[in-house]
Each structure stands twice: as C-alpha cells, then as structure tokens.
Amino acid sequence: MQKVASLPLPSPDALGASKALSTAIADAIAAAGGWIGFDRFMSLALYAPRLGYYSGGAAKFGRDANDGSDFITAPELTPFFARTLARQFAPLIGMSLPRVMEFGAGTGRLAADLLLALETEGALPDTYSIVELSGELRARQQDTLAQRAPHLASRVQWLDALPDAFEGIVVGNEVLDAMPVRLFARIGGQWHERGVARDGEAFAFEDRPLDAAAIPAPLLEVPGDHDVVTETHAEAEGFTRAVGALLKRGAAFFIDYGFPAAEYYHAQRVGGTLMCHYRHHAHPDPFLYPGLQDITAHVNFTGIAEAAVDAGLTVAGFASQARFLMNAGITELMMSLDPSDARNFLPQANAVQKLLSEAEMGEVFKVIALTRDLDDALPLDGFARGDRSYAL
C-alpha cells in the first residue's frame with residue numbers, strides 16, 4: 001500500500017481491516033487470471049461484505065477529519081438543503097404521490113430533515129422508504145431519525161432490495177457518483193481498458209488494448225487523437241434503468257457532481273474524474289487503504305438521461321444545484337432567520353453559500369428530474385429558470 005504525503009494514518013484496527021480487504025481483492029485478481037477491470041476493484045473496495053468502505057464501519061460522513069469522517073454532503077451542511085427540496089416535493093405529494101423512497105441515505109440526515117420540512121409544508125408522505133444494504137449505515141439512520149424527528153420515525157421503513165413497483169418520489173443525493181466505473185486510456189490512438197493487477201504486494205494499473213468492436217460507445221465521441229484517461233458509467237446507467245422499470249408513476253430526483261457528455265469527454269479533460277476522499281483530503285490514489293477511503297467519479301448526466309429515456313422516463317429538468325435551489329426558494333427560506341442573531345445566522349448563511357457558490361458546490365453539482373405519467377402541469381419550480389436539458 002502506498003502512503004500519500006500529508007494524509008493521516010489509520011488506527012491499527014482500521015489498517016487490519018484494510019489489509020483483510022486487500023487480501024480479498026488480491027484473491028479476486030488471482031482467480032480472474034491476474035487482472036480485473038477497475039469497476040470490479042471499485043466494487044470490492046466500496047461494497048465487499050463487512051470490509052468495503054460503505055459496508056464496513058467507517059464514519060464516512062461528517063464535518064471534518066476530527067470526527068473520523070472523510071467528506072461532507074449537502075444535508076450535513078445545513079437543513080436548508082432538505083427544506084428547499086421539500087418545497088419542490090410538496091406539490092408532487094399533493095398530486096396523489098404520498099410516498100418517498102431514498103437511495104444513498106448516508107447518516108439519515110436528509111430523511112429526517114425532509115420529513116420535518118414536509119410536515120411544515122403540510123405534505124407528509126404516508127411512507128418514507130430507505131434502500132440501504134449497510135447494517136452500520138441503517139443503524140446510524142435510525143439513530144438520526146430518533147434524535148431529530150422521533151414523532152415521524154414510524155413512517156420510515158428500510159428496504160434491502162428494490163421494490164417491484166413504486167409510485168411516488170425517488171430521491172438520491174450523491175448516490176450515482178459512488179457506483180463503480182470502468183476506466184479507459186487512449187494511448188497513441190489506441191483505446192485500452194485500464195484494470196488492476198498485482199505488482200509484488202501492491203495493486204497497480206494495467207492496460208489491455210481493446211478491439212474496435214469492444215470500445216464503449218461514449219468513447220467513440222471523445223474528440224482528437226491525443227492521450228486521455230476517462231471513465232464510463234454502465235452501473236449508474238443500469239441503476240437508472242432499474243429505477244425507470246420500477247417507477248410506475250412519479251418523479252425521481254438525483255443530485256450529484258458531474259457534466260453533460262460534451263463537457264465530460266471534452267478534449268481538455270485528459271485525466272478523467274476519478275477521485276478519492278480520506279479524512280477530508282481529496283487525492284487520486286484508489287489503492288490507498290482499500291476499504292477506508294471513498295472512491296468516486298463525476299457523473300456523465302447525458303448517459304443517465306439516455307438510460308432514463310430508454311426505460312420510458314421523461315427528462316423533466318436538468319440544472320445546476322445553485323439554480324435549482326434558488327428557483328425552489330432557498331433564499332426565501334433563509335429569510336426566516338434573524339440576521340441580528342449572528343451566532344445562528346452566520347453559520348447557516350455560510351453553509352447555504354457553499355451550496356450555491358460556483359467555487360464550491362453550486363455549479364459542479366447538478367440536479368436531474370426524471371418522471372413518468374405526470375401531466376404537463378407538473379409543478380417543477382426548481383427548473384423554472386436555467387434548465388439545461390438541451391445540453392444533455
């Protein structure tokens with residue numbers, strides 16, 4: 001395992017768990033003949049039972065490295081994120097869609113704050129389902145709901161598999177970026193799949209040339225003939241098709257960082273978007289501390305939109321997070337705070353600024369809405385201005 005300069009060392013117990021996962025990954029590589037695709041490596045690193053990053057006991061979500069976490073998400077920053085989503089969801093619940101289902105619920109903060117905000121809006125859902133495979137995360141979510149919204153916790157149910165059918169609102173905040181990606185490298189005009197092999201006791205990238213027929217379709221649109229490394233997103237697109245298959249009537253909202261394909265595969269983006277997060281440090285080494293760090297890639301929203309349309313859904317809106325939140329009324333909600341109460345107002349104002357600022361989360365994060373069997377009067381205020389569906 002390679003140590004990246006300036007990153008804090010894990011505890012001995014954490015290192016032991018990481019070593020056990022590394023052994024399991026090494027066994028998978030050996031069983032596959034000495035090479036596995038990066039998507040297989042990423043899947044094991046994040047989701048291997050009991051040892052993967054999301055299936056193990058790491059803290060993951062939090063405010064800084066001192067609490068043992070690796071990154072912070074919008075719901076953890078401020079309740080105004082959930083309150084603004086509630087303003088968008090409330091009219092839909094009023095259209096006989098009284099159920100919500102969340103993917104990637106993390107600590108449960110979004111679920112708790114959404115339920116509280118929907119209660120304020122007079123639009124409480126009958127049920128709030130959380131699809132969660134991790135027992136550790138499920139326990140954290142239950143604790144969060146018990147602390148923040150105890151009188152609403154009975155409305156929440158946990159699922160460990162997708163339902164066969166669903167009518168209502170689907171929401172996923174930073175769930176698509178955590179789905180395994182395939183890596184590819186164009187070197188000297190030849191496309192290769194970049195997989196993972198062993199180099200002594202360490203993991204290492206190893207490229208294998210692709211026949212023309214095996215080159216994924218998105219890569220055929222990458223301009224130029226210069227060397228480039230990039231990703232494709234078959235798993236996230238497959239997940240979108242699965243959501244489309246189960247959503248019989250309703251709307252799905254996915255919030256994540258990413259770009260339309262024209263930006264994702266732009267000639268100047270030569271190094272791809274793969275990134276790792278460990279103790280609130282971002283770095284590019286996916287082989288560091290397997291199971292103890294997050295591994296992500298930006299989302300190709302064109303691929304998500306195309307998968308949705310393939311599944312019979314309608315792309316009802318696509319906008320930057322900043323534009324969506326402002327359209328949906330986050331600045332109006334902020335007016336409920338007293339600016340003279342600096343101790344309360346300033347932290348919330350700073351957090352909302354991070355959600356909206358182009359230099360922070362406002363531009364790189366996008367919101368896409370996918371619908372089925374909803375009429376033309378669909379009240380999607382979040383896309384009233386600045387809808388970029390044309391760019392997909």
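## A tour of helix packing and a pocket

Helix 4 and helix 5 are oblique to each other, a word used here for angles outside three other ranges: under 35 degrees (roughly parallel), over 145 (roughly antiparallel) and 65 to 115 (roughly perpendicular). This is a predicted model, in which local features need pLDDT of at least 70, side-chain atom pairs count only at pLDDT 80 or more, and totals for chains, interfaces and linings use all residues. Residues are numbered from 1 along each chain as its sequence is written, and side-chain values use heavy atoms, with hydrogens and water left out.

**Stop 1: helix 4 and helix 5.** Helices (H or I, at least four residues) and strands (E, at least two) are DSSP runs, numbered from the N terminus. Select helix 4 (residues 79–93) and helix 5 (109–120). Their axes come within 8 Å and cross at roughly 55°; axes are lines fitted to C-alpha atoms, for helices over the stretch in contact, and angles run from 0 to 180 degrees between N-to-C directions. The crossing of helix 4 and helix 5 is right-handed (the near helix is turned clockwise from the far one by less than a right angle). Show the side chains in contact (heavy atoms within 4.5 Å): among them are Phe81, Leu85 and Phe89 in helix 4, and Leu110, Leu114 and Leu118 in helix 5. This contact has 12 nonpolar, no polar and three charged residues. Ala, Val, Leu, Ile, Met, Phe, Trp, Tyr, Cys and Pro count as nonpolar, Asp, Glu, Lys and Arg as charged, and the others, Gly among them, as polar.

**Stop 2: helix 4 and helix 10.** Keep helix 4 and add helix 10 (residues 321–328); the two pack at about 65°, with axes 9 Å apart. They are therefore roughly perpendicular to each other, and their crossing is left-handed (anticlockwise). The contact is made by residues including Phe81 and Leu85 of helix 4 and Phe324 and Leu325 of helix 10.

**Stop 3: the largest pocket.** Select Tyr47, Gly104, Val131, Glu132 and Val175, which lie nearest the centre of the largest pocket. A pocket is an open set of points on a 1 Å grid over the protein atoms alone, where a 1.4 Å probe fits, with protein on both sides within 12 Å along at least five of seven lines; lining residues have an atom within 4 Å of a point. The space in the largest pocket is about 790 Å³, a volume filled by probe spheres set on the points. Its lining has 18 nonpolar, eight polar and nine charged residues.
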